[in-house]
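Here's a walk through one protein model, taken a piece at a time. Keep the viewer open and follow along.

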Amino acid sequence: EERRAEMVKVAARYAEAARVAVRNVRRDGMDQLKKLEKDGDLSKDGHHKASEQVQQLTDAKIKQINELLAAKEAEIMTV
């Protein structure tokens, strides 16, 4: 049981690393949108819509990571 608890902790660390990676991609995308708007290649409305889409994708991926982690934890802890 101790070994399974250790494996759950390892899985949680991997999930957190994945969430951080998703957030980093989101930040890069938002920075690019700001740059496009600043350069005049994107309107304020376009920037707002694109920002919402990026945020929705980020939320969906983080939710998916959390669901996968919960499933993996249940699988690991099953004897």
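**Starting from one lysine**

Let's begin at Lys-72, which sits in helix α2. With a relative accessibility of 35%, Lys-72 falls in the partly exposed class, since that class runs between the 20% cut-off for buried and the 50% cut-off for exposed. Bear in mind as you look around that this is a predicted model. Now hop from Lys-72 over to Ala-12: the two are 60 residues apart in sequence, yet their C-alpha atoms are 9.5 Å apart in space.

To see how the chain manages that, zoom out. The protein chain has 2 helices and 0 strands. Its radius of gyration is 18 Å, while the globule rule gives 12 Å for 79 residues, so the chain is more spread out than a compact globule. The box around the C-alpha atoms says something about the outline too: along the principal axes it comes to roughly 60 × 15 × 10 Å.

Next, how do the helices lie against each other? Helix α1 covers residues 2-39 and helix α2 covers residues 44-77, and their axes come within 10 Å, crossing at roughly 175°. Anything over 145 degrees counts as roughly antiparallel, and α1 and α2 are therefore roughly antiparallel to each other. Sorted by class, the contact of α1 with α2 has 17 nonpolar, 5 polar and 10 charged residues. The contact statistics are worth a glance as well: taking contacts between residues at least 6 apart in sequence, 71% join residues at least 24 apart.

Then there's the inside. Of the 79 residues, 19% count as buried. The largest nonpolar core is made up of 8 residues: Val-8, Ala-11, Ala-15, Val-22, Ile-62, Ile-65, Leu-69 and Ile-76. Both helices chip in, with α1 and α2 each supplying at least two residues of this core. Ile-76 makes a handy close-up: setting aside neighbours within four places in sequence, Ile-76 is in contact with Arg-4, Met-7, Val-8 and Ala-11.

One last stop is His-47, which also belongs to helix α2. Is His-47 buried or exposed? Its relative accessible area is 16%, so His-47 is buried, because the buried class takes in anything under 20%. As for the company it keeps, His-47 touches Leu-33, Lys-34, Glu-37 and Leu-42, leaving out residues up to four places away in sequence.

Note on methods
Residues are numbered from 1 along each chain as its sequence is written. This is a predicted model: local features need pLDDT of at least 70, side-chain atom pairs count only at pLDDT 80 or more; totals for chains, interfaces and linings use all residues. Side-chain values use heavy atoms; hydrogens and water are left out. Axes are lines fitted to C-alpha atoms, for helices over the stretch in contact, and angles run from 0 to 180 degrees between N-to-C directions. Helices (H or I, at least four residues) and strands (E, at least two) are DSSP runs, numbered from the N terminus. Angles under 35 degrees count as roughly parallel, over 145 as roughly antiparallel, 65 to 115 as roughly perpendicular and the rest as oblique. Ala, Val, Leu, Ile, Met, Phe, Trp, Tyr, Cys and Pro count as nonpolar, Asp, Glu, Lys and Arg as charged, and the others, Gly among them, as polar. Buried means under 20% relative accessible area, exposed over 50%, partly exposed in between (1.4 Å probe, protein chains only). Contact means heavy atoms within 4.5 Å. A nonpolar core is a set of buried Ala, Val, Leu, Ile, Met, Phe, Trp, Tyr and Cys residues joined through side-chain atoms within 4.5 Å. The radius of gyration is taken over C-alpha atoms; the globule rule is 2.2 Å times the number of residues to the power 0.38.
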